[in-house]
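Here is a short briefing for the bench. Look over the sequence and the fold, then read the points below.

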Amino acid sequence: MTRIRFFDSTLRDGSHAIRHQLSRETIANYCASMDNSGMYVIIVGHGNGLGASSLQVGLSKISDSEMLSTARKNLKRTKLGAYMMPGFGTIKDDLIPAINNGVDLFKIGCHCTEANITRQHIEFIRAQDKEIYGVLMNYHMTSTERLIEEARKMQSYGAHGIIIMDSAGASTPELVKRTISELTANLYILVGFHPHNNLGLAVANAYTAIKEGAAIIDGTLRGFGAGAGNVQLEALTALLIKEGFILNDGYFG
């Protein structure tokens, strides 16, 4: 049975829902409360990732450095993660300071057909001996064949896994089944899924992804996130337990 890692993006995707006004106190309290919950990693930061705080997409209440250092102080068992999209952030200005603030795991995201722009960032993080995952956004906008091609690029750059992001919440279980099954069959690294709930199918889609071999589900508590929200990790947890999955040392399996 696949061992499933939960990536908790409540303090990243959830930032969109409150115009990026996460406070130091909220971050500290959430991380302290969730540290023993079994999450594999807690992703922290501006909704659009490192370096994104701006007038164009929204100014954060506090800086990336303050958010990450606050989370680091309150996470003892759980990994601290950060997300970045090339164009918003850079290696020098954002990835290196994030490493210095104690980030253990990074996700580097791009549009589903533009994996080539992530190469230098993925290679850099891998060289720092940190966990690194490539993220392909709006995956419904391209073919499964092209998606495999782009995922293989990230794999070749050194990514430990690929996360397919249902950015527009456009997925159906049938699309998820076809996509995840093809990716797991054609990659040797971990495959993950980040569902949104625009069609009310986030939990169903996440469960379908797991059944097709996804080893990572990237979601939030209570679906707190952009637009219609993300997969509700607490509801998915209940479903997995009902279906015979057991939480053990941070993994369902």
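The points cover the nonpolar cores, one helix, the cysteines and two backbone angles.

This is a predicted model. Its largest nonpolar core has 65 residues. The structure holds zero disulfides. Two residues other than glycine, H20 and R222, have a positive phi.

**Nonpolar cores**
- F106, L136 and I217 have the most contacts inside the largest core, which counts 65 residues.
- Helix α8 (residues 202-211) gives this core its largest share, six residues.
- A second core is separate and has 13 residues. Among them are Y40, I43, M85 and M137.
- Which residues does F106 touch, leaving out those up to four places away in sequence? They are L50, A82, L95, A98, I99, I125, K130, E131, I132 and Y133.
- The contacts of F106 thus include the charged residues K130 and E131 by name, alongside residues such as L50 and I125.

**Helix α2**
- Helix α2 spans residues 24-34. Its buried residues are I27, A28, Y30, C31 and M34.
- An α-helix has 3.6 residues a turn, so residues three or four places apart point the same way.
- What do the buried residues of α2 pack against? Their partners are β1 (4-11), β2 (41-44) and α3 (64-74).
- C31 has 0% relative accessibility, so this residue of the helix counts as buried.

**Cysteines**
- A disulfide is a covalent bond between the sulfur atoms of two cysteines. How many does the structure hold? The count is zero.
- C112 is in no disulfide. The nearest cysteine sulfur belongs to C110 and is 8.1 Å away. The cut-off for a disulfide is 2.5 Å between the sulfur atoms.
- C112 counts as buried because its relative accessibility is 0%.

**Positive phi angles**
- H20 is not a glycine, yet its phi is positive, near 65 degrees.
- H20 sits in the loop between α1 (14-17) and α2.
- Is H20 buried or exposed? H20 counts as buried, because its relative accessibility is 6%. The limit for buried is under 20%.
- R222 is also no glycine, and its phi is positive at about 55 degrees.
- The loop between β8 (216-219) and α9 (233-242) holds R222.
- R222 is exposed, because its relative accessible area is 76%. Exposed begins over 50%.

Notes. Residues are numbered from 1 along each chain as its sequence is written. This is a predicted model: local features need pLDDT of at least 70, side-chain atom pairs count only at pLDDT 80 or more; totals for chains, interfaces and linings use all residues. Side-chain values use heavy atoms; hydrogens and water are left out. Buried means under 20% relative accessible area, exposed over 50%, partly exposed in between (1.4 Å probe, protein chains only). Helices (H or I, at least four residues) and strands (E, at least two) are DSSP runs, numbered from the N terminus. Contact means heavy atoms within 4.5 Å. A nonpolar core is a set of buried Ala, Val, Leu, Ile, Met, Phe, Trp, Tyr and Cys residues joined through side-chain atoms within 4.5 Å.
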